[in-house]
Amino acid sequence: MNVEELSRLPAGAVDHFRREGIEELYPPQAEAVEAGATDSESLVAAVPTASGKTMIAALSMLSAIERGGKALYIVPLRALASEKKAEFEAYEEFGVTVGVTTGNYESTSDWLATKDIIVATSEKVDSLVRNGADWLSDLTCVVSDEVHLIDDRNRGPTLEVTLAKLRQLTPQLQVVALSATVGNADEIADWLDAALVETDWRPIDLRMGVHYGNALNFDDGSTREVAVDGSEKQEAALVRDILEEGGSSLVFVNSRRNAEAAAKRLGKVTSSELAAEEQAALAELADDIRDDSDTETSADLADCVEHGSAFHHAGLSNTQRSLVEDAFRDRLLKVISATPTLAAGVNTPARRVVVRDWRRFDPSAGGMAPLDVLEVHQMMGRAGRPGLDPYGEAVLLAKSHDESEELFDRYVWADPEPVRSKLAAEPALRTHVLATIASGFARTRDGLLEFLEATLYASQSTEAGRLETVTDTVLQYLESNDFIERDGGDGSAEADDGAFTSAAALAESGGRDESLEATSLGHTVSRLYLDPMSAAEIVHGLERADDRPTALGLYQLVSRTPDMYELYLRSGEDEKFGELYYEREAELLGDAPSEFEEDRFEDWLSALKTGKLLEDWAEETDEARLTDRYKIGPGDLRGKVDTAEWLLGAAESLAAEIDSDWTVAVREARARVEHGVGEELLELVSVGDVGRKRARSLYERGIETPSDLRTADKGVVLDALKGEKTAETILENAGREDPSMDGIEPKSAGSSTGTATAASSDGNRNDESMESEATDGDADDGQSSLGDF
DNA sequence: TGGTACCAATTCTAGACAGCATGTC
DNA sequence: CTAGAATTGGTACCA
């Protein structure tokens with residue numbers, strides 16, 4: 001089908017596509033149009049990566065807009081939201097407007113209401129539904145990208161429930177679900193009352209194969225010799241082989257450490273193939289990486305990059321990830337060794353994809369578990385760059401003939417698994433049941449069950465009554481924590497309190513249609529987007545605090561909620577943090593689990609570790625020291641700080657809601673974690689362009705508040721802040737009338753440093769105390785076990 | 001003394017959404 | 001039912 005044949009699109013759209021070089025629709029796209037994509041028809045497109053799924057979405061959305069409607073594009077990752085936004089912004093050329101909204105992207109509802117296409121993460125959409133954004137009812141077309149993620153244990157249910165709610169809000173809604181090829185696309189289509197477009201077609205050929213010995217055997221029967229010489233690893237031989245013909249490669253491994261080690265080794269392969277100008281550009285890129293963060297991970301990455309290779313995992317900062325991805329797309333980097341982050345993220349195709357590790361550590365499986373076929377196919381789907389490569393190659397590595405055969409059977413010839421709803425898992429249901437009640441989607445138990453019937457789970461469920469049972473368990477939990485109120489009709493339920501009596505009330509009210517209502521606290525929890533269990537933990541912790549909680553107490557509290565992904569306790573650290581626990585037990589909020597409940601006590605300690613990380617951060621320990629001390633990457637640190645900031649913001653609202661005395665303490669702890677500063681710097685840091693470093697520098701010179709900035713000796717300010725320009729901007733931000741630094745010379749602060757030096761060494765003292773604790777802990781080892789026995 | 005080659009024991013394990021209101025070095 | 005790569009530590013060996 002030629003683009004000229006497309007009707008129902010906004011004027012100028014067809015011209016736009018032609019200018020982009022799009023003449024003929026790909027077969028799946030044509031099929032989607034025939035199925036009614038441009039005609040308000042819902043459809044599920046289960047097609048391989050890079051076969052033009054976005055175009056199907058675009059055609060649907062543009063035709064919806066042409067009819068006067070509004071479109072929503074749901075993505076699974078923030079990074080994809082920006083990627084899609086950039087893509088759709090090209091349509092502004094013919095008058096279609098685009099907005100993005102994610103957790104950290106600025107957005108007001110009014111502003112979004114004026115946009116034709118809105119890109120958002122599934123959680124953000126869920127949140128918008130909960131908060132009743134009125135423009136949602138104007139939607140006529142919703143696209144759900146990577147809809148197979150409904151299968152995801154953690155985040156799948158959100159997408160599933162959100163789609164169900166959007167459909168309920170707007171009965172005529174066109175739903176376009178884009179999926180990887182999965183085992184049961186037909187089931188998803190049935191659920192969404194949608195037509196199904198399913199195909200294996202790809203714009204570039206993808207050859208899948210297995211490398212064993214010195215041969216690479218492909219699924220089409222062809223063979224290519226790739227010799228592994230000497231002590232070289234298979235992946236090195238494969239990378240070199242394709243590099244010699246000018247192709248880049250992606251190597252997927254199963255751990256961060258493996259990714260880093262492989263990138264280091266592969267650097268030896270790539271460095272010999274670099275042109276002089278490439279080396280210069282790579283050196284520049286390496287500097288950008290070092291500039292972004294002064295940590296060991298950064299230094300290692302920069303060293304690799306200078307050789308034309310890189311690693312990629314969630315320990316990298318977002319900036320570093322983008323730098324690596326962009327440089328790879330620009331063909332500057334020749335190889336990336338990555339954890340699965342890359343397969344799910346933004347588009348980074350390569351001529352050859354090597355899936356080195358096909359098993360991954362999975363504690364629930366008790367060891368290494370094979371990757372899902374779907375996951376491996378997603379990685380392999382990254383092979384082949386449209387317009388650049390003649391074909392893509394995806395290679396698995398085998399160490400024996402048997403393994404080679406197993407890999408063919410398991411992954412090359414295998415169909416992907418079916419998508420299975422995970423909604424009936426209690427944690428998921430806990431959150432979504434509360435939200436459904438709070439936002440008025442259901443007002444009775446029957447109404448709730450009826451709504452849940454509209455989910456994919458219900459359509460897949462074979463076990464009758466399971467959903468109902470779990471729902472009742474969840475309702476009971478929500479009621480006993482005062483998030484909802486139930487009224488069985490005879491008025492007795494209202495008087496009930498506590499889990500036992502409400503269980504009785506439940507039994508009593510049996511089949512009767514109870515009314516369900518969120519309490520004020522329940523509404524707050526739903527609006528804040530908290531897992532009810534997190535909220536309960538926080539509320540309980542705050543209620544149990546007799547004295548003003550310390551920062552560490554609050555940090556440990558939010559760190560032990562299910563919304564915070566705790567740091568892992570390394571060997572020996574249980575003792576180290578056990579000791580810290582005894583030292584600072586009094587600061588922690590709520591009851592610690594008994595030491596004899598090993599698992600729970602360990603969780604408590606990892607929360608303490610995470611809390612301690614946050615405390616160190618709020619005591620101005622620098623990034624390099626923290627990443628080293630906690631053995632994490634810069635990306636992890638920023639992620640933890642981000643999450644803590646969010647949770648403490650929520651905790652502040654909760655504190656206000658329950659009339660806690662500690663609202664101010666929570667706010668201060670949040671502000672300290674946000675800026676990474678001690679209490680005494682909070683005022684300074686509120687001035688624009690003043691962060692933790694500059695604030696400390698000013699404070700050391702006796703400038704302790706914004707008003708000090710307005711009156712301080714400019715020479716001292718300049719000495720604290722270095723650059724003239726910076727100093728001027730900051731003085732201006734502080735509201736100084738004469739910010740000009742003309743003719744000012746830096747001047748040391750002189751005698752007023754007394755207190756300031758004490759303050760700064762305070763921060764350092766903390767660093768040292770932690771380190772000496774570590775050594776103390778080791779030294780004590782023998783003694784404490786002597787004491788135990 | 002120092003370098004290294006090699007083997008055995010030990011260690012450790014992927015990822016990333018959200019409120020609210022604005023801005024680091 | 002279930003692993004395996006990388007790192008660390010120790011030893012032998014040689015210059």
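**Entry 1: the surface near DNA strand B**

I began by asking which element supplies the largest share of the surface near DNA strand B, and I found that it is α29, with four residues. I am working from a predicted model throughout, and I keep that in mind for each distance below. Helix α29 spans residues 634-657, and it is one of several elements that each supply at least two residues of this surface, the others being α6 (122-130), α10 (256-271), β15 (359-362), α23 (520-528) and α32 (692-700).

I then looked up the residues around the strand, 42 in number, and noted that Gly 103, Ala 314, Tyr 568, Gly 691 and Arg 692 come nearest. Sorted by character, the residues of this surface divide into 16 charged, 15 polar and eleven nonpolar.

**Entry 2: sugar, phosphate or base on strand B?**

I asked what part of DNA strand B faces the protein, and found that 56% of its atoms within 4 Å of the protein belong to sugar or phosphate, while the rest belong to bases. For individual contacts to phosphate, I noted a polar side-chain atom of Ser 127 at 3.1 Å from a phosphate oxygen of DNA strand B, and a polar backbone atom of Lys 693 at 3.2 Å from a phosphate oxygen of that strand. For a contact to a base, I noted Glu 645, where a polar backbone atom is 3.4 Å from a base oxygen of DNA strand B.

**Entry 3: the surface near DNA strand C**

I turned to DNA strand C and listed its surroundings as Lys 233, Arg 257, Asn 258, Arg 265, Arg 356, Arg 359, Phe 361, Ala 365, Met 368 and Lys 399. These divide into six charged residues, three nonpolar and one polar. Of the strand C atoms within 4 Å of the protein, 43% belong to sugar or phosphate and the rest to bases.

Which side chains reach a phosphate oxygen of DNA strand C through a polar atom? I found Arg 265 at 3.2 Å, Lys 233 at 3.3 Å and Arg 359 at 3.3 Å. The elements that give two or more residues to this surface are α10 and β15, and α10 gives the most, with three residues.

**Entry 4: an annotated region**

I checked the UniProt record, an unreviewed entry, and found that it lists residues 234-435 as "domain: Helicase C-terminal". Over residues 234-435 I read the chain as 50% helix and 15% strand, with the end C-alpha atoms 51 Å apart.

**Entry 5: Gln 29**

The same topic of annotation led me to Gln 29, which the unreviewed UniProt entry covers with the label "binding site". Gln 29 is found in helix α2, residues 27-34. Is Gln 29 buried or exposed? I count Gln 29 as buried because its relative accessibility is 4%, against a cut-off of under 20%. Leaving out residues up to four places away in sequence, I found that Gln 29 touches Ser 51, Gly 52, Met 55 and Ile 56. The side chain of Gln 29 also reaches the backbone nitrogen of Tyr 26, at 2.8 Å.

**Entry 6: strand β1 and its partners**

I last looked at strand β1 (residues 43-46), where Leu 43 and Ala 45 point one way, Val 44 and Ala 46 point the other way, and all are buried. Strand β1 runs parallel to β6 (residues 174-179), to which four bridges join it, and Ala 45 stands opposite Leu 178 in β6. Strand β1 also runs parallel to β7 (residues 195-198), again with four bridges, and here Val 44 stands opposite Leu 196.

Note on methods
Residues are numbered from 1 along each chain as its sequence is written. Chains are lettered from A and ligands numbered from 1 in the order in which they are written. This is a predicted model: local features need pLDDT of at least 70, side-chain atom pairs count only at pLDDT 80 or more; totals for chains, interfaces and linings use all residues. Side-chain values use heavy atoms; hydrogens and water are left out. A residue is near a molecule or strand if one of its heavy atoms lies within 4 Å of it. A polar contact is a pair of N or O atoms within 3.5 Å; within protein, one must be able to donate a hydrogen and the other to accept it, and residues adjacent in sequence count only if both atoms are side-chain atoms. Ala, Val, Leu, Ile, Met, Phe, Trp, Tyr, Cys and Pro count as nonpolar, Asp, Glu, Lys and Arg as charged, and the others, Gly among them, as polar. UniProt positions are given in the numbering used here, feature names are shortened, and annotations may be inferred rather than shown by experiment. Buried means under 20% relative accessible area, exposed over 50%, partly exposed in between (1.4 Å probe, protein chains only). Contact means heavy atoms within 4.5 Å. Two strands pair if DSSP finds at least two bridges between them.
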